[in-house]
Amino acid sequence: MEDVKKIQVTSQDLRDGKWDDSISFTDAGQNASPELTWDSIEGAGEYAVYMIDEYDTDYWLHWRVSGIGEPGFEHGENSGEYVGPYPPEGVHIYVIYVFALKGPAASYPGNFDAESVSVDAVREGLDQAADGGKGNIIAEGSITGTYAAV
């Protein structure tokens, strides 16, 4: 994908590279989706957000929301499908991707909280517009943090 702009993504729920317990689906957490902010992208008809656990080679889908009209989320808004981090062991890497799309995508890849999905598969699906045209992604950004099994 050429000519894809970069989106700066930030979160108050990420401190020193670690996600706050409140976003986790553990006894220590509230299973509340993270607060996110990002810049508005000119020409974006909608935004899509994915949270993927990128532990080892298992890319587990924890959050998928599409059709977002304005940038950002409040803490615990729980838009879309969300199940917070619940790593069975060790430290896992959770990446939240934000995509600015020209319009609705032909598909929003990944079976939520059920199987592995790579960000490359997500990009491929989102880049195909609902009307069949390619080049639907106009900007992308991400934010990365860890969460450890408790």
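In which strand is the place of phenylalanine 99? Select phenylalanine 99 and you land in strand β9. This is a predicted model, so treat the tour as a walk through a prediction.

**Stop 1: phenylalanine 99**

Stay on phenylalanine 99. Buried or exposed? It counts as buried, because its relative accessibility is 0%, and the cut-off for buried is under 20%.

Now show what touches phenylalanine 99, leaving aside neighbours within four places in sequence. The contacts include Glu46, Tyr47, Ala48 and Tyr50. Further along the chain, phenylalanine 99 also meets Val119, Val122, Arg123 and Leu126. Ile137, Ala139 and Glu140 are in contact with it too, as is Ile7.

For a distance check, pick glycine 80. It lies 19 residues from phenylalanine 99 along the chain, and the two C-alpha atoms are separated by 15 Å.

**Stop 2: the helix**

Select residues 119-127, helix α1. Its buried residues are Val119, Val122, Arg123, Gly125, Leu126 and Asp127. Four of the names should look familiar: Val119, Val122, Arg123 and Leu126 are among the contacts of phenylalanine 99. In an α-helix there are 3.6 residues a turn, so residues three or four places apart point the same way.

What covers the buried residues of α1? Colour β6, β9 and β10 (137-148); the cover includes these strands.

**Stop 3: strand β6 and its partners**

Select residues 46-55, strand β6. How many of its ten residues are buried? Eight are, and the strand is mostly covered.

Add β9, residues 91-101. β6 and β9 pair in the antiparallel sense, over eight bridges. To see one pairing, pick aspartate 53 of β6: its bridge partner in β9 is tyrosine 94.

Next add β7, residues 58-68. β6 and β7 also run antiparallel, joined by eight bridges. Two pairs are worth picking out:

- Isoleucine 52 stands opposite leucine 61 in β7.
- Tyrosine 50, a contact of phenylalanine 99, stands opposite arginine 64 in β7.

Keep arginine 64 selected and move outward to β8, residues 81-82. β7 and β8 pair in the antiparallel sense over two bridges. In β8, glutamate 81 is the bridge partner of arginine 64. Arginine 64 thus has tyrosine 50 opposite it and glutamate 81 as its partner in β8.

**Stop 4: the largest pocket**

Select Asp53, Tyr55, Asp58, Trp60, His62, Tyr86, Pro87, Pro88, His92 and Tyr94. These residues line the largest pocket, which has a volume of about 170 Å³.

Which strand gives the most to this lining? β7 does, with three residues. β6, β7 and β9 each supply at least two. Look again at aspartate 53 and tyrosine 94: they are bridge partners, and both appear in the lining.

Colour the lining by residue type. It divides into six nonpolar, two polar and two charged residues.

**Stop 5: two loop residues**

Select aspartate 16, in the loop between β3 (14-15) and β4 (18-19). Its phi is positive, about 50 degrees, although it is not a glycine. Aspartate 16 counts as exposed because its relative accessibility is 82%.

Then go to asparagine 31, in the loop between β4 and β5 (37-38). Here phi is about 55 degrees, again positive in a residue that is not a glycine. Asparagine 31 counts as buried, because its relative accessibility is 19% and the cut-off is under 20%.

**Stop 6: zoom out**

Show the whole chain as a cartoon. Count one helix and ten strands. Follow the sequence and the pattern reads β-β-β-β-β-β-β-β-β-α-β.

Turn to overall dimensions. The C-alpha atoms fill a box of roughly 45 × 25 × 25 Å along the principal axes. The radius of gyration is 15 Å, which agrees with the value near 15 Å for a compact globule of 150 residues.

Two last figures cover the chain. Of its 150 residues, 46% count as buried. Take contacts between residues at least 6 apart in sequence: 71% of them join residues at least 24 apart.

How values were computed
Residues are numbered from 1 along each chain as its sequence is written. This is a predicted model: local features need pLDDT of at least 70, side-chain atom pairs count only at pLDDT 80 or more; totals for chains, interfaces and linings use all residues. Side-chain values use heavy atoms; hydrogens and water are left out. Buried means under 20% relative accessible area, exposed over 50%, partly exposed in between (1.4 Å probe, protein chains only). Helices (H or I, at least four residues) and strands (E, at least two) are DSSP runs, numbered from the N terminus. Two strands pair if DSSP finds at least two bridges between them. On a 1 Å grid over the protein atoms alone, a cavity is a set of points where a 1.4 Å probe fits but cannot get out, and a pocket is an open set with protein on both sides within 12 Å along at least five of seven lines; lining residues have an atom within 4 Å of a point. Grid points are joined across faces, edges and corners, and a volume is the space filled by probe spheres set on the points. Ala, Val, Leu, Ile, Met, Phe, Trp, Tyr, Cys and Pro count as nonpolar, Asp, Glu, Lys and Arg as charged, and the others, Gly among them, as polar. The radius of gyration is taken over C-alpha atoms; the globule rule is 2.2 Å times the number of residues to the power 0.38. Contact means heavy atoms within 4.5 Å.
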